[in-house]
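Colleague: I am new to this structure and would be grateful for a close look at a single part of it. Please take one charged pair as the starting point and then work outward to its surroundings.

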Amino acid sequence: SLVGSEMCIRDSYKHVPLSEANPCETMTTNIGGTLTVAELCSNAGVDAMVLISTDKAVNPTSVMGASKRVAEGIAQTMGLANRATNYATVRFGNVLGSTGSVVPLFERQLARGGPLTVTHEEVTRFFMTTREAVELVLQAAAGANDEAYQGKIFVLDMGDPVRIVDLATDMIRLSGLRVNEDVDIVFTGTRAVSY
């Protein structure tokens, strides 16, 4: 978290396996941390706080998604409470090239000769570039001072979701290799949920 006199940007645990393995810490950090930072922003007279959330907060199926949905509720509630600080939330999809993105994972798996691991044949994800992510945060920060945007959730139009198996297939082919001949695609099944 970064708190200054003008703006605060709040981030938190956002990796599903880490969150599933540590549900209490995830709740403490994502919910308690958001509430603490939001209250500090209000008490310090910070102009705007932007909460960075995730598309996994929509109909959450994991500890991380559920904790981020509650954090969004905190920002929305405080934003609608007519406090000195304006609150906004940005909801990200997968940021291409980030540490949690599937693309670097597939690149590492390809470098080892495979296989590429996909949870399920029908799994899809939305993707955005780092530039799009930054622009969304800046847009939310700028809009947070507009009363019409108080407590709102900003979502980038990321187009259609991408099937992960199609992405894996494309990455194998773009590497000059053949799917299930040179490099296999293995379906691992979805991770167990801890609650």
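Modeller: The pair I have chosen is Glu122 and Arg163, which form a salt bridge whose closest N and O atoms are 3.9 Å apart. The model is a predicted one, and every value that follows is computed from it. This salt bridge links distant parts of the chain, since its two partners are 41 residues apart. Glu122 lies in the loop between strand 6 and strand 7 (124-125), while Arg163 belongs to strand 10 (residues 162-163). Because its relative accessible area of 27% falls between the limits of 20% and 50%, Arg163 counts as partly exposed.

Two of the elements around this pair lead into the interior. Strand 6 (116-118) and helix 6 (164-174), together with helix 4 (102-111), are the elements that give two or more residues to the largest nonpolar core. Helix 6 gives the most to this core, with six residues. The core has 16 residues, of which Val102, Phe106, Leu116, Ile164 and Leu167 touch the most other members.

Val102 deserves a closer look. Apart from its neighbours within four places in sequence, Val102 is in contact with Phe127, Ile164 and Leu167. A second core, separate from this one, has 14 residues and includes Ile52, Phe92, Ala133 and Phe154.

Helix 4 itself shows how the larger of these cores is covered. The buried residues of helix 4 are Val102, Val103, Pro104, Phe106, Gln109 and Leu110. Their cover includes strand 6, strand 8 (127-128) and helix 6. After helix 4 comes Gly113, which has a positive phi, near 90°.

For comparison with the first pair, other salt bridges may be considered; the count in this model comes to seven. One of them joins the side chains of Glu72 and Arg69, at 2.8 Å from N to O. Both residues lie in helix 3 (residues 63-80), three residues apart, which is about one turn of the helix. How do the two partners stand with respect to burial, buried or partly exposed? Glu72 is buried, because its relative accessible area is 0% and the limit for burial is under 20%. Arg69, by contrast, has a relative accessible area of 31% and is therefore partly exposed.

A further salt bridge is formed by Asp182 and Arg178, with the closest N and O atoms 3.0 Å apart. Asp182 is partly exposed at 33% relative accessibility, and Arg178 is partly exposed as well, with a relative accessible area of 47%. Salt bridges can also share partners, and in this way Arg69, Glu72 and Arg91 are joined into one network.

Finally, the chain as a whole gives the setting for these details. Its secondary structure comes to six helices and eleven strands. Of its 195 residues, 41% are buried. Among contacts between residues at least 6 apart in sequence, 76% join residues at least 24 apart. The accessible surface of the chain comes to about 10300 Å², and 54% of this surface belongs to carbon and sulfur atoms.

Methods. Residues numbered from 1 in each chain as written. Predicted model: local features only at pLDDT ≥ 70, side-chain atom pairs only at ≥ 80, totals over all residues. Heavy atoms only, no water. Core = buried A, V, L, I, M, F, W, Y, C linked by side-chain atoms within 4.5 Å. Buried < 20%, exposed > 50% of the residue type's maximum accessible area, 1.4 Å probe, protein only. Helix = DSSP H or I, 4+ residues; strand = E, 2+ residues; numbered from the N terminus. Contact = heavy atoms within 4.5 Å. Areas by Shrake-Rupley, 256 points an atom, 1.4 Å probe, with all protein chains shown as cover. Salt bridge = Lys/Arg side-chain N within 4 Å of Asp/Glu carboxyl O.
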